[in-house]
Amino acid sequence: MEHDLVSDDRVSMNGQEEVNGQGELTGTPVVAGYAFGPALWPGGRVEHDDRLLGMDRTLAEEDRDAEADRLVAAAATVAGRLRNRASHASGAAAEVLNATAGLAEDRGWIGAADKLIAVGTPAPAAVVAATQTFAEMFAKLGGLMAERITDLNDVRDRVVAELLGEPEPGIPTPTQPSILLADDLAPADTAGLDPTVIVGLVTRFGGPTSHTAIIARQLGIPCVVAVARLGEITSGTEVLVDGAAGSVVVEPDPVSAQELVDRGAAEAALVAAWSGPGRTADGVEVAILANVADGASARRAADAPVEGIGLFRTELAFLDRGDEPGVDEQTRLYRHVLDAFDGRKVVIRTLDAGSDKPLAFIEHPDEANPALGVRGNRIAVDHPEIVRGQLDAIARAGAETGSRPWVMAPMIATAAEAAQFARMVRERGLTAGVMIEIPAAAILARAILAEVDFVSIGTNDLTQYTMAADRMSAELAELTDPWQPAVLALIAQVADAGADLGKPVGVCGEAAADPALACVLVGLGVTSLSAAPAATPAVGAKLSTVTLDQCRAAAEAVLQTTSPTSARRAAAEHLDA
Ligand code: PEP
Ligand code: MG
């Protein structure tokens, strides 16, 4: 370690040794930055005492209707409170609170509890039993559904507290700035966090795309997830969170820790002052672009210091649609996005439907393994009319706004798929590209690049498929870390191919949102970086402090490593010099 916070002999090879007073734990980094303060564990989730819940009682028949009404009222109160908090929040926090409110009023869940009440189970016991049934069902379904279990249990606890007349459970408000430690946080808890008192966030479970991670990013709270032995740190113990390295140092030297926090604050000031355009300290230009989902997010992105849009995820605009949007409607949507960036570069991705983003108007076959099934561009095989309609709308929006959007297809595996897509795009006078998200496409990047004008690397899926690890799995967070050297080696291959053919190679996955990794990507030869707008100032600011030679040295160094932790350390040696 660069700083003398813990002496090396106290830290084991896996960085997880002698907790409380002597060591450092490592997990998956989510939000960069340092935080130092006492650890705070929230009180345990509500303990369900069988008698209090009414497990041992049967309601008289004449009381059952009123009990069912009591449940509906309690669920509505909980949902109302969450919605009220949502109305005072913004962005992801508001979305998460609204989604949790929706769960509280879910008809299926309330219906299941109602059935139990109808046979005499008191409402609190019915809520617990119904939740258990749903949680088991979600666990069997796995993936995204399994991630909803935390949300469901949170709703259960809130509704039970309401029914029992207890205060709503949640995170305590500490009297001094503290580091919140938890197994995993319920979305509604995370969304209500006050970053002036909760200065760092560490969870034992959860992956880089969990709700905790999304909200921590929005609030800018240094955050590390998937710290396996977190339970060994007790409340009140002083800890230093290094959100970039993904480490938690237990009882560090307070002076050095405070120095790091101060340095982090200085870096934050640099980030706040950065206004683009993207370039290294020695003036090498690297376009920094935004990921958007619709017209509104594009207009917000236009306020960020970005040069254009590197990824417009069109499917996100249609997630709640039962019918296919027509060409006119789509044209309007694409115009909104193009107008927001008025002649600047806009990369539109065709629908990436299927797997974790099913679209109701596209029939998805029942697949045992949807992430490896008919998703993304593969849908075009059975539904060429959907792609044609989308490309027609993009071309029309381009013509009407006087711009020439770049268009790329998701989930391309072969050069033949790339060639076929490029033909359709070019027929409409648009610039054709594809995403590199499948290892096969990275390995044969040269052949794919020969067919298109540009590629953009989707590191989220490229990591998932390279490591054979579900990107939504909390347990596999270390494998789905984009710092995995195997993923970086594939990116290097793609960038080399792009340089040889003189074609742009962008990155639009979460990797581009990590300032240090973004510098490594530039060193590997990536020509543009596209990320959530909120992440772009930190990326641009970091890039402005390093030369291309430093980026290249960092890139070379990470390619010699064998784990995300050693890759991060190797990069830091060159980038923080
Ligand atoms: C990716 O896979 O990295 C990507 C940008 O696409 P999405 O996250 O929408 O799958
Ligand atoms: Mg993807």
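**How the terms apply in this predicted model**

Colleague: Which residues of helix 18 do you call buried, and what makes them so?

Modeller: In helix 18, the buried residues are Pro 485, Val 487, Leu 488, Leu 490, Ile 491, Ala 492, Val 494, Ala 495, Ala 497 and Gly 498. Buried means under 20% relative accessible area, with exposed over 50% and partly exposed in between (1.4 Å probe, protein chains only). This is a predicted model, in which local features need pLDDT of at least 70, side-chain atom pairs count only at pLDDT 80 or more, and totals for chains, interfaces and linings use all residues. Residues are numbered from 1 along each chain as its sequence is written, chains are lettered from A and ligands numbered from 1 in the order in which they are written, and side-chain values use heavy atoms, leaving out hydrogens and water.

Colleague: What span does helix 18 have, and what is expected?

Modeller: Helix 18 (residues 485-501) has 17 residues and reaches 24 Å from its first C-alpha to its last. The expected span is 1.5 Å times one less than the number of residues, and for helix 18 that is 24 Å, so the helix comes close to it. After helix 18 comes Gly 502, with a positive phi near 65°.

Colleague: Why do you say that strand 13 and strand 14 pair?

Modeller: Pairing takes at least two bridges found by DSSP. Four bridges join strand 13 (residues 431-436) to strand 14 (residues 454-457), so the two pair, and they run parallel. Val 434 stands opposite Val 455 in strand 14. Strand 13 and strand 14 belong to a barrel of eight strands, closed in the order 9-10-11-12-13-14-15-16 with parallel pairing.

Colleague: And in the open sheet, how many bridges join strand 2 to strand 6?

Modeller: Three bridges join strand 2 to strand 6 (residues 223-225), and the two run antiparallel. Val 31 has Cys 223 in strand 6 as its bridge partner. The open sheet has eight strands in the order 1-8-7-3-4-5-6-2, with mixed pairing. Its edge strands are strand 1 (24-26) and strand 2 (28-31), since each pairs on one side only.

Colleague: What makes the approach of Arg 313 to ligand 1 a polar contact?

Modeller: A polar contact is a pair of N or O atoms within 3.5 Å. An oxygen atom of ligand 1 is 2.7 Å from an N or O atom in the side chain of Arg 313, so the pair qualifies. For the side chain of Arg 349 the distance is 2.9 Å, and for a polar backbone atom of Gly 458 it is 3.4 Å.

Key. A polar contact is a pair of N or O atoms within 3.5 Å; within protein, one must be able to donate a hydrogen and the other to accept it, and residues adjacent in sequence count only if both atoms are side-chain atoms.
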